Amino acid sequence: MLPLEALTPEEALDLRGLLFDLDDTFLEHGLLTCEALTALELLKGAGLELIALTGRPIAWAQTLAHVLPVSGAIGENGAVAFFREGRRIVARDSVSPLLRAERRARLQELIAHVRTAVPGLVPADDSGARISDFTFDIGEHERAREEDIAQATRLAREAGARVTRSSVHLHLTWDRLDKATGAVRFLAERGHDSTEILRRFAFIGDSENDAPCFAAFRTTIGVQNLRGRFHLLPRFQTKLAQSHGFLEAARRISAARNVISPSSSPS
Ligand SMILES: [Mg+2]
């Protein structure tokens, strides 16, 4: 991975937006910091479209889209989204209401099976606020055993479900979109050229559920606390961790785009 100083002005100026992970990237041990908000203002001032891209539930995505200076938030690892349209925040689901209802019913059956077989895994606090997936707490408040995580992963995959892992949660879902394919789909729906999205949106994250984005997007950044197994590592890495690393990246991108202050933004 390269230091952020290697990001060229040409590449930074070619960017149209930034997709950013939430836990342990934008948030600092789960909390919103001055550094994270300063980073958003810097990036917005640099003329970039900002979109949160998280494994957190649909309810979180809705709130983030409302209260942060972003154009939208994609939740549940790419399955659902909320975007600002004029003065409203509008919901988007990647599947029809009928298919969503079918998948939710099948997910309940799968979770009952997994919980019976792996009683040591504890549901995440936010598991009830989701519509496309179910989450076990593997590092947020619980310290799940690796054997339990492996067994749940194997059982779900044998049943045909998709399993992803973040720094805090293990996600089980019937949805096929991941963070990268979900982001491309929602951005294309909003009128972005689908052939340009992977080149013109940067991504910053920290863990295994970010792997599809690290593999798909051109400008990819891992924060210093990057952990997990990846087919492709991000191209750049910050020196600082979590929201301090996010601010470090925002400063570098802004500087490379030659933006002096947020007040010079064309907004
Ligand atoms: Mg994360």
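Here's a short back-and-forth about the sheets, helices and metal site of this predicted model.

Me: Let's start with the metal. Which residues are the protein donors of the magnesium ion?
Reply: The donors lie 2.0 to 2.3 Å from the magnesium ion. In sequence they're spaced D-x1-D-x182-D. Two of them give OD and one gives O. By name, they're Asp21 (OD), Asp23 (O) and Asp206 (OD).

Me: Is Asp23 buried or exposed?
Reply: Buried means under 20% relative accessible area. Asp23 comes out at 10%, and Asp21, another donor, is at 3% and also counts as buried. Because its relative accessible area is 10%, Asp23 is buried.

Me: On to the sheet of 9 strands: which strands stand at its edges?
Reply: The sheet is open, with mixed pairing, and its order is E1-E13-E12-E11-E2-E3-E4-E5-E6. An edge strand here has a single partner, so one side of it is left without a neighbour in the sheet. That describes E1 (2–3) and E6 (88–93).

Me: How do E11 and E12 run, parallel or antiparallel?
Reply: E11 covers residues 201–205 and E12 covers residues 220–222, with 3 bridges joining them. One pairing to look at is Ile204 with its bridge partner Ile221 in E12. The two strands run parallel.

Me: Which residue in the turn of the E4 and E5 hairpin has a positive phi?
Reply: E4 and E5 run antiparallel, joined by 4 bridges, and Ala73 has Phe82 in E5 as its bridge partner. The hairpin leaves 4 residues between the strands. The one with a positive phi, about 50°, is Glu76.

Me: And in the E5 and E6 hairpin, what's the phi of Gly86?
Reply: E5 and E6 are antiparallel too, with 6 bridges, and Ala81 stands opposite Arg92 in E6. There are 2 residues between the strands, and Gly86 sits in the turn. Its phi is positive, about 65°.

Me: Which helix lies across E3, E4, E5 and E6?
Reply: Look for the helix at residues 58–67. It runs at about 20° to E5 (80–85). That's H4.

Me: What about the sheet of 4 strands: which strands are at its edges?
Reply: This open sheet is antiparallel, in the order E7-E8-E10-E9. Inside that order, E8 (residues 133–137) and E10 (residues 169–173) are joined by 5 bridges, and Phe134 stands opposite Leu172 in E10. The edge strands each have a single partner, so one side of each lacks a neighbour in the sheet: E7 (122–123) and E9 (162–165).

Me: At about what angle does H6 run to E9?
Reply: H6 covers residues 146–158. This helix lies across both E9 and E10. Its angle to E9 is about 150°.

Me: H6 also packs with H5, so how do you describe that pair, and at roughly what angle do they cross?
Reply: Two packed helices are described by the angle between their axes and the distance between the axes. For H5 (residues 97–117) and H6, the axes come within 10 Å. The crossing is right-handed, and its angle is roughly 145°.

Me: Which residues of H6 does H5 meet?
Reply: From H5, the contact uses Leu110, His113, Val114 and Ala117. By class, the contact has 6 nonpolar, 2 polar and no charged residues. On the H6 side, the residues are Gln151, Ala152, Leu155 and Ala156.

Terms used:
Residues are numbered from 1 along each chain as its sequence is written. This is a predicted model: local features need pLDDT of at least 70, side-chain atom pairs count only at pLDDT 80 or more; totals for chains, interfaces and linings use all residues. Side-chain values use heavy atoms; hydrogens and water are left out. Axes are lines fitted to C-alpha atoms, for helices over the stretch in contact, and angles run from 0 to 180 degrees between N-to-C directions. A crossing is left-handed if the near helix is turned anticlockwise from the far one by less than a right angle, and right-handed if clockwise. Contact means heavy atoms within 4.5 Å. Ala, Val, Leu, Ile, Met, Phe, Trp, Tyr, Cys and Pro count as nonpolar, Asp, Glu, Lys and Arg as charged, and the others, Gly among them, as polar. Donors are N, O and S atoms within 2.8 Å of the metal (3.2 Å for Na, K and Ca); water is not among the atoms, so sites may look incomplete. Buried means under 20% relative accessible area, exposed over 50%, partly exposed in between (1.4 Å probe, protein chains only). Two strands pair if DSSP finds at least two bridges between them.
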